[in-house]
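The exercises below are meant to be worked through with the sequence and the structure at hand. Each task is followed by a solution that proceeds step by step.

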Amino acid sequence: YPEITCNFHIFVKQPQNAGEEKPEEKIEITDVSLKTFGTAKTTYKVGERLDLSCYQVVGTYSGFEINLPYTSDPANGTVLSEAGENIEIKFYYNDKMVETKQITVRRPCTVEFYDGIDSSKLVCKTEVAFGESLKLPVAPSKTGYTFAGWYNGENEVTTEYKISSDLELSAKWTPNTYSVIFNANVNDNSVAGTMANQSFTYGT
């Protein structure tokens with residue numbers, strides 16, 4: 001059977017006779033706790049809204065669990081504006097703290113793109129939110145070379161790369177190859193030796 005969620009409403013019957021004394025009925029909620037439904041979001045980016053939709057404070061009444069109204073600190077919907085580690089969210093029922101949960105707020109990561117040949121030359125830099133895919137700049141150009149991608153050490157980095165920390169990338173360049181043709185430059189009556197064409201790499 002599918003899971004059924006029930007909301008309980010408690011009604012107290014009034015006495016028929018005005019003079020009749022009604023015994024005081026005390027409703028006691030016991031074993032108040034915090035329950036998690038599904039997978040809770042624990043990592044946030046700066047500026048992202050807090051999502052507490054998977055949490056519910058529940059209490060036990062007459063053997064049944066019932067959902068209780070609760071407050072939280074920070075309140076549900078508060079926009080996170082500062083980065084930090086292990087930020088606590090406190091859940092309250094009737095001003096009494098029920099439980100705490102921890103989240104992590106990540107600041108944007110800085111990605112720097114360097115020339116590759118002149119390792120000290122910064123081409124550009126950008127900020128990427130933690131966990132987001134990398135956005136690559138327009139491919140640079142260099143005389144005598146063909147751009148071959150952005151690399152983190154020996155590993156090429158593409159737009160599918162997920163950012164989890166500050167990153168320095170270097171451009172990889174492939175030097176162009178040129179053909180050199182040797183022309184003896186003599187008239188038709190002269191005899192000259194010949195030399196085959198040769199290929200040379202830029203810079204050599």
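**Exercise 1.** In this predicted model, examine the salt bridge between Lys41 and Glu48, and decide how exposed each partner is.

*Solution.* Begin with the charged atoms: the side chains of Lys41 and Glu48 meet with an N to O distance of 3.4 Å, and a salt bridge requires such atoms to lie within 4 Å. Next, take the accessibility of each partner, bearing in mind that partly exposed covers the range between the buried limit of 20% and the exposed limit of 50%. Lys41 has a relative accessibility of 32% and therefore counts as partly exposed, and Glu48, at 22%, is likewise partly exposed.

**Exercise 2.** Find the parts of the chain that are linked by the salt bridge of Asp115 and Lys142, and state whether each residue is buried or partly exposed.

*Solution.* The closest N and O atoms of Asp115 and Lys142 are 2.9 Å apart. This pair links distant parts of the chain, since Asp115 sits in the loop between strand 8 (109–114) and strand 9 (122–128), whereas Lys142 sits in the loop between strand 9 and strand 10, 27 residues apart. As for accessibility, Asp115 is buried at 4%, while Lys142 is partly exposed at 24%.

**Exercise 3.** Which strands hold Lys35 and Glu65, and how do their side chains meet?

*Solution.* The two side chains form a salt bridge with an N to O distance of 2.9 Å. Lys35 belongs to strand 1 (residues 30–36) and Glu65 to strand 4 (residues 64–67), so the pair ties together parts that are 30 residues apart in sequence. Both ends are partly exposed, with Lys35 at 31% and Glu65 at 45%. The count of salt bridges comes to 6.

**Exercise 4.** Describe the surroundings of Tyr151, a residue of strand 10 (residues 145–152).

*Solution.* First, a relative accessible area of 16% makes Tyr151 buried, because the limit for that class is under 20%. Second, leaving aside neighbours within four places in sequence, Tyr151 is in contact with Glu156, Glu168, Leu169, Ser170 and Lys172. Third, the C-alpha atoms of Tyr151 and Leu169 are separated by 5.4 Å, although these residues are 18 residues apart along the chain.

**Exercise 5.** Set these sites against the whole chain, and locate a nonpolar surface patch.

*Solution.* The chain has 0 helices and 14 strands, and 20% of its 204 residues count as buried. Phe182, Met195 and Phe200 make a nonpolar surface patch of about 270 Å²; of these, Phe182 lies in the loop between strand 13 (177–180) and strand 14 (198–201) and is partly exposed at 35%.

Definitions and conventions:
Residues numbered from 1 in each chain as written. Predicted model: local features only at pLDDT ≥ 70, side-chain atom pairs only at ≥ 80, totals over all residues. Heavy atoms only, no water. Helix = DSSP H or I, 4+ residues; strand = E, 2+ residues; numbered from the N terminus. Buried < 20%, exposed > 50% of the residue type's maximum accessible area, 1.4 Å probe, protein only. Patch = residues over 30% accessible without salt bridge, like charges linked within 9 Å, V, L, I, M, F, W, Y side chains within 5 Å. Areas by Shrake-Rupley, 256 points an atom, 1.4 Å probe, with all protein chains shown as cover. Contact = heavy atoms within 4.5 Å.
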